[in-house]
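Trainee: Before we discuss this entry, I would like to go through the terms used for it and ask how each one is justified.

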Amino acid sequence: MSSEHYPSIACSAIAMLTSRTLGIVASALLITSVSAAYYSHALPVYNISTINTPEACDKSQGYSMIIQDGNGFNGSSAHGSPSNPWPKIEVHKGDMVNLIVCNLDKVQAHGFAINHYFDRGIALGPGQVYRLSFTARDAGHFVIYCVVFCSAHNFMVAQLVVT
Ligand SMILES: [Cu+2]
């Protein structure tokens, strides 16, 4: 994959969040099993115990990282979301899009869905990680949003741009 095709995503936010990730993810993972049991009751629509998310929240090469916490997606509450969707993931038609979604929130679940490409969405309990890969076959602007009514819900509006 050439650099021009690499999905660009809020780099400064990622740099900031990556350092936080290192400190937070270990403790977040510790409480995952307890929390998952709790949230499976709180969110009956999404049976979190059945979600296959064994991977740790590390950024593999070729993946764009989405961090979920009380500040939205990658700190989107400070970037004018929802009127200014954040982060914006820009790819070219035909590109493979690889996303890793990490819920670093210690206490609440957050959701993740993409219009057209990932409509069914997924809910992640505290500390859970989800990887998603798909080919961006159709051009357009697609809303990325949360499917759980969380405290950061109004700020959880990002965008996938396929040109
Ligand atoms: Cu939400």
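Trainee: Among contacts in the protein chain between residues at least 6 apart in sequence, what percentage join residues at least 24 apart?

Mentor: In this predicted model, that share is 73%. A contact here requires C-beta atoms within 7 Å, and the figure sets aside pairs that are not at least 6 apart in sequence.

Trainee: How do you know what the chain is built from, and in which order the elements come?

Mentor: The protein chain holds 2 helices and 9 strands, and along the sequence they follow the pattern α-α-β-β-β-β-β-β-β-β-β.

Trainee: What makes a residue count as buried, and what percentage of the protein chain does so?

Mentor: A residue is buried if 20 or more other C-beta atoms lie within 10 Å of its own, and 41% of the 163 residues count as buried.

Trainee: Why is the set around Ile-66, Ile-100, Val-101 and Cys-102 called a nonpolar core?

Mentor: The term asks for buried residues of kinds that include Val, Ile and Cys, joined through C-beta atoms within 7 Å. The largest such core has 34 residues, and the four you name are those with the most contacts inside it. At least two of its residues come from each of several strands, including β1 (64-69), β3 (88-91), β4 (96-103) and β9 (157-162), while β4 gives the most, with 5 residues.

Trainee: Which residues does Cys-102 touch, not counting those up to four places away in sequence?

Mentor: Under that exclusion, Cys-102 touches Cys-57, Met-65, Ile-67, Gln-68 and Val-129. Each of these counts as a contact because its C-beta atom lies within 7 Å of that of Cys-102.

Trainee: Why are β2 and β7 said to stand at the edges of their sheet?

Mentor: The open sheet of 4 strands has the order β2-β1-β4-β7, with mixed pairing. β2 (72-73) and β7 each have a single partner strand, so one side of each is left without a neighbour in the sheet.

Trainee: How do you know that β4 and β7 pair?

Mentor: Pairing needs at least two bridges, and 7 bridges join the antiparallel strands β4 and β7, so the condition is met. One of the bridge partnerships sets Leu-99 with Leu-132 in β7.

Trainee: What makes β8 a partner of both β5 and β9?

Mentor: With β5, β8 pairs in the antiparallel sense over 2 bridges, which satisfies the requirement of at least two, and Ala-113 has Tyr-145 in β8 as its bridge partner. With β9, the antiparallel pairing of β8 runs over 6 bridges, and Val-143 stands opposite Gln-159 in β9.

Terms used: Residues numbered from 1 in each chain as written. Predicted model: local features only at pLDDT ≥ 70, side-chain atom pairs only at ≥ 80, totals over all residues. Buried ≥ 20, exposed ≤ 12 C-beta atoms within 10 Å, placed from the backbone. Contact = placed C-beta atoms within 7 Å.
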